[in-house]
Amino acid sequence: MQLLYRRSKQVQPLTDTWRVKVFLFQVLVSYIQSELANNATLDSVKPIAVQFCDYALTKEGINAPYVCPGIIDLYGPAVQYVATRVVLNPAELCVDFKLCTSNQTARATRTRHLAPRELPAAPLPHATHNEGTRGHKADGRSTLTILQLTDIHIDPDYSEGSAGHYGDYNCDLPTTTLELLADTIKALNPQPDVIVYTGDNPPHDIWNETYNSQLGATQFLVDYLAQKLNRTIYPAMGNHESFPESQYYGQLPLYKEVTQQLAQYWQKWVNFTDISMETAKRSACYSVVIPNTNLKLVSFNANYGYVVNFYSYLNDVNVDYSLLLDWLELEVDIAEKAGQKVLIIAHVPPGDTSTQSSYGEFYLNLTKRYTSTIVGHLTGHTHNDEFELAQDEYGVYGVVMVAPSVTPYTNNNPAFRIYTMDLIKDTLLGYDQYFLNLTKANGERGGAKEMKGGAKDIRGKAKKVMKLGVEKYEDLISTYNYNKHSKSNEAYKNCDITCQRNILCAVQNIISSKILECEAV
């Protein structure tokens with residue numbers, strides 16, 4: 001088989017704004033690289049780095065002078081490592097970091113891999129997984145229910161005061177709401193057949209995090225849900241599970257240790273085979289066959305696709321990233337040859353604007369090649385209720401589901417969802433969305449704790465939005481925006497023309513550069 005991964009970039013003529021951004025970014029990158037080449041310390045480059053960080057936060061409307069010094073101290077070693085090894089020029093870095101963009105075409109291409117390419121000498125292990133049972137479960141039913149949790153972000157230091165008992169839209173999840181979540185899941189009747197968790201355990205106070213606090217959040221959450229739910233939970237690694245948050249480079253000892261520790265924690269949720277455990281310890285990826293089904297679940301570590309992971313700017317020379325992409329494709333290929341279907345779970349969706357375009361390009365090619373084998377793509381990360389169409393000019397090959405977060409941080413009601421899958425037709429039919437009305441729950445304390453929503457049809461919804469025109473479907477897009485934030489604020493129904501355009505751009509693309517080009521029109 002030919003491996004799908006390509007690295008290609010289209011070149012865009014430089015507008016004046018683009019030239020200025022590239023110039024400023026080039027000055028910063030060149031300065032840091034020059035200083036480090038002359039054996040400068042991180043302390044000597046910290047002042048200009050803090051100024052650049054403050055500028056970036058101000059641009060996002062954030063005024064928090066205490067944040068940048070802590071962030072620079074935390075992420076400085078990663079930046080230093082990357083700056084002395086990166087092969088991209090400042091203009092390419094600026095585009096990849098999503099600071100520079102254009103809606104025009106024609107920037108020179110660079111190719112990372114030429115097809116076909118040889119497999120690495122030491123690939124990750126693959127299980128054959130031939131024990132599946134096609135078309136039914138052991139009890140004779142032809143459907144499977146899959147509960148998805150994502151982005152819990154537990155905050156052990158949350159204290160009720162000016163914030164509410166069950167949480168605040170500007171804070172991460174208190175343990176009181178985690179308890180409510182677990183109790184709600186335990187009370188479901190019937191119980192879901194499968195539970196997946198698409199990652200992000202620690203809170204967002206990244207300037208205060210330590211190695212122990214990051215891993216401690218995962219350990220606490222794993223232990224708590226293992227004890228409360230007492231059942232299998234299939235996890236995927238989030239960007240917050242690492243240390244520092246969002247940084248991941250599997251070749252370095254620190255991240256090898258993080259990955260191995262995660263796999264050890266996950267054993268409390270999943271009864272791994274020896275091969276799956278070995279893969280999890282090496283890569284934070286694994287695959288399992290859901291018992292009594294023909295469905296193979298593949299958990300993929302998507303951290304190399306995230307632009308905030310500074311090590312992702314070494315993807316052009318990163319053997320570890322190539323190993324992960326090879327592993328994912330071969331896992332799907334093995335399933336196809338065995339007559340199985342595949343459900344992929346990952347934290348970072350390929351089409352978010354904070355992802356590397358190369359990740360979306362690979363994922364689109366994978367989905368297109370195996371469209372009849374991959375029956376579902378479950379992700380999180382954005383904290384929002386969204387979906388992305390894996391499509392090109394020739395057709396739609398899949399729908400990437402992006403589930404809303406359990407944490408209310410970034411103005412969302414805590415939520416989870418339950419999908420229904422048809423095991424005869426091998427397709428996801430739709431899902432029930434459960435959410436907690438945080439304002440009502442805080443106001444009534446003991447009385448307003450129901451986490452319940454309505455059913456949604458996946459394929460019908462995707463087909464309708466695929467054909468949207470802003471003028472014709474203005475009300476539908478505004479409703480989508482309201483639901484996107486788990487109905488946390490009626491103001492989200494007021495979606496202006498720019499908001500509507502950006503929603504359409506995001507829904508119809510899983511390549512971030514295409515989303516940004518669409519938004520710039």
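**View 1. Leu297 and Leu343 are bridge partners in this predicted model.** Start with this pair of leucines: Leu343 sits in strand 6 and is the bridge partner of Leu297. Now follow the backbone around them. Strand 5 covers residues 295–300 and strand 6 covers residues 341–346. These two strands pair in the parallel sense, over 6 bridges.

**View 2. An open sheet is formed by 6 strands.** Which order do the strands follow? Reading across the sheet, you meet them as 4-5-6-7-9-8. The pairing is mixed. At the edges are strand 4 (286–289) and strand 8 (386–392), each of which pairs on one side only. From one strand to the next, the twist averages 20°.

**View 3. Helix 9 lies across four strands, listed here by name: strand 4, strand 5, strand 6 and strand 7.** You can find this helix at residues 319–337, and strand 7 at 374–379. Helix 9 runs at about 175° to strand 5.

**View 4. Helix 10 also has strands to lie across, among them strand 8 and strand 9.** Look for the helix at residues 357–369 and for strand 9 at 395–402. Strand 5, strand 6 and strand 7 are crossed by helix 10 too. What angle does helix 10 make with strand 9? The helix runs at about 120° to that strand.

**View 5. Stepping back, the chain has 15 helices and 12 strands.** How much of the chain is buried? Of its 521 residues, 58% count as buried. The chain exposes about 21700 Å², and carbon and sulfur atoms supply 51% of that area.

Terms used: Residues are numbered from 1 along each chain as its sequence is written. This is a predicted model: local features need pLDDT of at least 70, side-chain atom pairs count only at pLDDT 80 or more; totals for chains, interfaces and linings use all residues. Side-chain values use heavy atoms; hydrogens and water are left out. Buried means under 20% relative accessible area, exposed over 50%, partly exposed in between (1.4 Å probe, protein chains only). Accessible areas come from the Shrake-Rupley method with a 1.4 Å probe; for residues, only the protein chains shown count as cover. Two strands pair if DSSP finds at least two bridges between them. Axes are lines fitted to C-alpha atoms, for helices over the stretch in contact, and angles run from 0 to 180 degrees between N-to-C directions. Contact means heavy atoms within 4.5 Å.
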